[in-house]
Amino acid sequence: MTVHVDRPYYDPTIQTMPLEQVQRLQAERLARQLDRVWSVPVPLFKRTLEAAGLQRADLRSLDDLSLIPTMRKDALRRSEEECPPFGDYRGAPVSAAVRLGASTGTSGRPTLILWTRKDLEVDYAAAHRGRWRWGLRPGMSLANAHPFGMNAGGWHFGHGIEGLGVLNIPSGPPVGALHVRDVIEVWRRLKPDMYRLFGNVATTYADAARAAGLDPAIDLNLATAGDHPSEQYLMASSGLEALPLLGSACDERDGAHLAEDLAIVEVIDRHSGRACGHGERGNLVVTVLEKDNFLLRYDLEDIVRWNWHPCPCGETHRRLFYEGRVRDIVLAGGREILPIDVALVLYEFPDVSTPSAEYQLLRRLETQALHVRIEYEPARVSDVAGLAQHLSERFRARLDVDAQLDLVPRGELPRFAYKAARVVDVS
């Protein structure tokens with residue numbers, strides 16, 4: 001496909017397609033995947049559908065998709081344990097695979113991920129349009145800190161931007177002082193045009209640069225945004241096993257435009273199974289279209305929120321806000337609180353969010369008060385008790401919960417090489 005660098009969309013035909021036409025395309029592609037459940041066959045999916053009393057003839061349209069039970073990671077894990085090593089949920093033979101990866105294992109034993117050449121092409125098609133929205137263009141350079149190795153996230157990210165004609169600077173997470181030093185030296189020499197770093201990773205590298213006498217913004221072209229929620233809302237993912245870059249935000253920065261020609265996205269109330277509407281939080285459920293190794297109604301156990309308003313940018317695919325993980329929900333005062341809810345409050349207070357907010361939610365069995373540990377900058381704060389009072393009042397006003405706050409000097413809370421652990425279970 002010929003791409004003109006001055007146009008706003010990477011694939012304008014798809015990205016501006018009327019939603020009714022997108023839905024017809026989804027229906028055609030879903031029908032092909034459902035046919036394959038029985039023709040390939042895909043034993044796990046076939047068993048699941050038949051256990052729910054469904055045959056192929058019962059699934060005639062997009063409206064019938066909700067008849068299919070949702071599936072979670074533990075079902076894939078059991079399949080691999082019972083039919084080692086790859087399970088019986090693959091849509092293509094192992095001999096057709098050209099890449100292997102593994103999930104992070106944060107929710108249990110890692111599952112294996114296989115990609116055929118077609119699978120990679122689909123992932124990269126979504127990645128190209130998603131990263132074009134970031135402003136990436138051929139001839140630019142980008143530094144990223146994704147891990148490489150079995151996780152495969154780094155490989156996927158790197159190949160996705162290289163396919164755009166962008167110079168990929170794979171830097172890895174900040175593990176070890178020598179590695180951090182070497183990365184900072186490369187960045188100093190190159191001054192990448194763009195960075196894609198998790199908030200805590202950017203902060204770690206920036207702190208190390210300052211310790212070496214460098215100004216991150218001037219010497220490295222590195223600006224840190226921390227874990228500000230506005231950064232979290234710029235991207236949506238359904239994991240390496242589904243569609244890694246499910247969507248990204250345009251310049252409106254009001255949710256991530258989805259690749260709805262490549263995946264059917266649902267937001268489901270995890271308690272009732274009800275489909276959520278505009279602005280409601282629910283579980284992200286994805287059906288993968290076009291890939292050889294696909295998933296049906298896969299529940300990521302991620303919390304997301306719809307934006308159904310038409311976007312002024314002209315893209316027609318709907319938008320989504322990523323809010324957090326189900327496993328990070330903290331119950332307090334009868335409400336479900338996520339780390340992003342806490343961050344939204346903290347970033348109203350420069351004394352606890354400059355250069356970034358560092359905090360932990362302490363989770364017990366449901367309590368009336370929300371317990372949070374928060375770093376503050378001693379050089380900026382003379383009245384710690386007064387700051388805690390102002391924060392508590394804002395938590396009450398915004399989240400309708402009482403807050404028990406422990407303010408500690410900056411540097412007291414742990415730092416993480418990759419994704420920050422914001423929730424800590426305590427007895």
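Before I come to the first pair of helices, a word on how their angle is taken: the axes are lines fitted to C-alpha atoms, for helices over the stretch in contact, and the angles run from 0 to 180 degrees between N-to-C directions. Please also keep in mind throughout that what we are looking at is a predicted model.

With that in hand, let us look at helix α11, which covers residues 339-346, and helix α13, which covers residues 384-399; their axes come within 10 Å of each other and cross at roughly 125°. Angles of 65 to 115 degrees would count as roughly perpendicular and those over 145 as roughly antiparallel, and so α11 is described as oblique to α13. The crossing of α11 past α13 is right-handed. As for the residues that meet there, α11 brings D341, V342, L344, V345 and L346, while α13 brings L391, R394, F395, R398 and L399. Sorted by class, this contact holds seven nonpolar and three charged residues, and no polar ones.

Staying with α13 for a moment, we can ask whether its length fits its residue count, and here the two agree, because 16 residues at 1.5 Å a residue should span 22 Å, and the end C-alpha atoms are 22 Å apart. The buried residues of α13 are G386, L387, A388, L391, F395 and L399, and what they pack against is β14 (335-337), α11, α12 (350-353), β16 (369-376) and β17 (402-409). L391, F395 and L399 therefore appear both among the buried residues of α13 and in its contact with α11. It may help to recall that an α-helix has 3.6 residues a turn, so residues three or four places apart point the same way. Just after α13 ends, D400 takes a positive phi of about 60°.

Now to the second pair, which is helix α5, residues 117-132, and helix α6, residues 153-162. The axes of α5 and α6 come within 9 Å and cross at roughly 65°, and this crossing, too, is right-handed. On the α5 side the residues in contact are L120, D123, Y124, A127, H128 and R131, and on the α6 side they are H156, F157, H159, G160 and I161. By class, that contact has five nonpolar, four polar and two charged residues.

Helix α5 itself is mostly covered, with 12 of its 16 residues buried; among them are L120, D123, Y124, H128 and R131. The elements that cover these buried residues include α1 (12-15), β1 (97-102), β2 (112-116), α6 and β7 (247-249). The span of α5 also agrees with expectation, since its 16 residues at 1.5 Å each should cover 22 Å and its end C-alpha atoms are 22 Å apart.

Two residues from this region deserve a closer look. D123, in helix α5, has a relative accessibility of 2%, and so it counts as buried. Leaving aside neighbours within four places in sequence, D123 is in contact with W115, H156, A242, L243, P244 and K291. Its counterpart in α6 is H156, which at 5% relative accessibility also counts as buried. If we leave out residues up to four places away in sequence, H156 touches R99, W115, L120, D123, Y124, R131, L240 and P244. W115 and P244 are thus found in the contacts of D123 and in those of H156.

I would like to finish with some backbone details. Most residues other than glycine have a negative phi, and most peptide bonds are trans. Against that background, where are the cis peptide bonds from V40 to P41 and from P84 to P85 placed? P41 lies in the loop between α2 (19-39) and α3 (43-51), and the bond leading to it from V40 has an omega near -10°. P85 sits in the loop between α4 (73-82) and β1, and the bond from P84 has an omega near -5°.

There are also positive phi values at two arginines. R253 has a phi near 50° and belongs to the loop between β7 and β8 (256-258). R297 has a phi near 45° and is placed in the loop between β10 (281-288) and β11 (298-307). Are these residues buried or partly exposed? R253, at 45% relative accessibility, counts as partly exposed, whereas R297, at 5%, counts as buried.

How values were computed
Residues are numbered from 1 along each chain as its sequence is written. This is a predicted model: local features need pLDDT of at least 70, side-chain atom pairs count only at pLDDT 80 or more; totals for chains, interfaces and linings use all residues. Side-chain values use heavy atoms; hydrogens and water are left out. Helices (H or I, at least four residues) and strands (E, at least two) are DSSP runs, numbered from the N terminus. Angles under 35 degrees count as roughly parallel, over 145 as roughly antiparallel, 65 to 115 as roughly perpendicular and the rest as oblique. A crossing is left-handed if the near helix is turned anticlockwise from the far one by less than a right angle, and right-handed if clockwise. Contact means heavy atoms within 4.5 Å. Ala, Val, Leu, Ile, Met, Phe, Trp, Tyr, Cys and Pro count as nonpolar, Asp, Glu, Lys and Arg as charged, and the others, Gly among them, as polar. Buried means under 20% relative accessible area, exposed over 50%, partly exposed in between (1.4 Å probe, protein chains only). The expected span of a helix is 1.5 Å times one less than its number of residues.
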